[in-house]
Amino acid sequence: MESTLAVSLGEQEHLKEFFDSMRAAGKKGQAEDIENLLSCIESMQGDLTDALDEVKYLREQIKTMQDKTMQAKLQKAQEEMQEYIHMARKEMGKVKQEVSEQIRNAVYTCKKKGIQALGSMLDAAHIYEGLSRVELHLNKSVAAIEQRIEKADRIADELHGIKGHMKNIGNVAVGKPAGELAERDSSQGMMSKIEKSMEFCKRLIAGMSQKMLRAKAHILHFRRAAESKGEEKVASVQEIMKELREASAMSFTVQPRVLEQR
């Protein structure tokens, strides 16, 4: 199964057969939903791979630090970031495999029961649940990286303070007056590279929210189209995306109120 999934989903034979059959059955819109869903999944997998590559680069930068205590602290933060991103990519892989397997089974069943049932053979609800799990991991990853950025910022301040104090000790030793500690220039030095690398990972993963929204909207559109009767109007993908945004905004508004009542 792993060797099959290594091939781009759009190039797998059973997927081509599925899309051709869907269009032949007059379900062009639903075929496009699944194609767009797969495109979103593969794009998000690429983003997560890029994030992991950046975290590996971050590890190499941390290795060059001379202060071993600070190095150990940052190394732990880097390892925690890597674990969160890895878990998100693993969950994304499960969704990708689930979609591929469902389509394979649908094509097989279609050959036995006929093309009419093809559009209702995919368990859209299960795929949607899988996407929601991935979304939860992405949100946790962003929150975790934000915490590690704050930790890196504190470490940078510590390093800056230590260097300033060491300089003053040197000045006093040669009879010069101790000077005031200058403010840290956050755009310079090794810690600047490390913090920028962490920020890049955060922006990359946070930026996946729009792709996730579109993926969820397409699978909902697919399900609604499969459940609708001929004359029943189905909301467009853009309209469903708007619904999902509003539902998400509502959950953020309601949750604090519930907590206040406790």
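This is a tour of helix packing and salt bridges in a predicted model, arranged as a series of selections.

**Stop 1: H2 against H3**

Select residues 13-24, which form helix H2, and residues 28-63, which form helix H3. The two axes come within 7 Å of each other and cross at roughly 155°. Because angles over 145 degrees count as roughly antiparallel, H2 is roughly antiparallel to H3. The crossing of H2 and H3 is left-handed.

To see the contact, show side chains for Leu15, Phe18, Phe19, Met22 and Arg23 on H2. On H3, add Lys28, Gln30, Ala31, Ile34, Glu35 and Leu38. Coloured by class, this H2 and H3 contact has seven nonpolar residues, one polar residue and three charged residues.

**Stop 2: H3 against H6**

Keep H3 and select helix H6, residues 190-206. H3 and H6 pack with their axes 9 Å apart, at an angle of about 165°. That angle makes H3 roughly antiparallel to H6. The crossing of H3 and H6 is left-handed.

The H3 side of this contact consists of Asp47, Leu48, Asp50, Ala51, Glu54, Val55, Tyr57, Leu58, Gln61 and Ile62. From H6 come Met190, Lys193, Ile194, Ser197, Met198, Phe200, Cys201, Leu204 and Ile205. By class, the contact of H3 with H6 holds 13 nonpolar, two polar and four charged residues.

**Stop 3: Glu60 and Lys63 in H3**

Now select Glu60 and Lys63. Their side chains form a salt bridge, with 3.6 Å between the closest N and O atoms. The two residues lie three apart in helix H3, so about one helical turn separates them. Glu60 is partly exposed, at 38% relative accessible area. Lys63 also counts as partly exposed, with 46%.

Add Arg59 to the selection: Arg59, Glu60 and Lys63 are linked in a network of salt bridges.

**Stop 4: Met65, past the end of H3**

Move on to Met65, in the loop between H3 and helix H4 (68-113). Is Met65 buried or exposed? Its relative accessible area is 8%, so Met65 is buried.

Add Met191 and draw a distance between the two C-alpha atoms. They are separated by 9.2 Å, although Met65 and Met191 are 126 residues apart along the chain.

**Stop 5: Glu199 and Lys202 in H6**

Return to H6 and select Glu199 with Lys202. This pair forms a salt bridge, its closest N and O atoms being 3.9 Å apart; the cut-off for a salt bridge is 4 Å. Glu199 and Lys202 are three residues apart in helix H6, and about one helical turn lies between them. Glu199 is partly exposed at 28% relative accessibility. Lys202 has a relative accessible area of 21% and is partly exposed, where buried would mean under 20%.

**Stop 6: Glu135 and Lys216**

Which parts of the chain does the next pair link? Select Glu135 and Lys216, whose side chains meet in a salt bridge with an N to O distance of 2.7 Å. Glu135 belongs to helix H5 (residues 124-173) and Lys216 to helix H7 (residues 209-227). The pair is 81 residues apart and links distant parts of the chain. Glu135 is partly exposed, with a relative accessible area of 26%, whereas Lys216 is buried at 8%.

**Last selection**

Finally, display every salt bridge in the model; the structure holds 13. Among them are Glu60 with Lys63, Glu199 with Lys202 and Glu135 with Lys216.

How values were computed. Residues numbered from 1 in each chain as written. Predicted model: local features only at pLDDT ≥ 70, side-chain atom pairs only at ≥ 80, totals over all residues. Heavy atoms only, no water. Axes fitted to C-alpha atoms, helices over the stretch in contact; angles between N-to-C directions. Helix = DSSP H or I, 4+ residues; strand = E, 2+ residues; numbered from the N terminus. Parallel < 35°, antiparallel > 145°, perpendicular 65-115°, else oblique. Left-handed = near helix turned anticlockwise from the far one by under 90°. Contact = heavy atoms within 4.5 Å. Nonpolar A, V, L, I, M, F, W, Y, C, P; charged D, E, K, R; others polar. Buried < 20%, exposed > 50% of the residue type's maximum accessible area, 1.4 Å probe, protein only.
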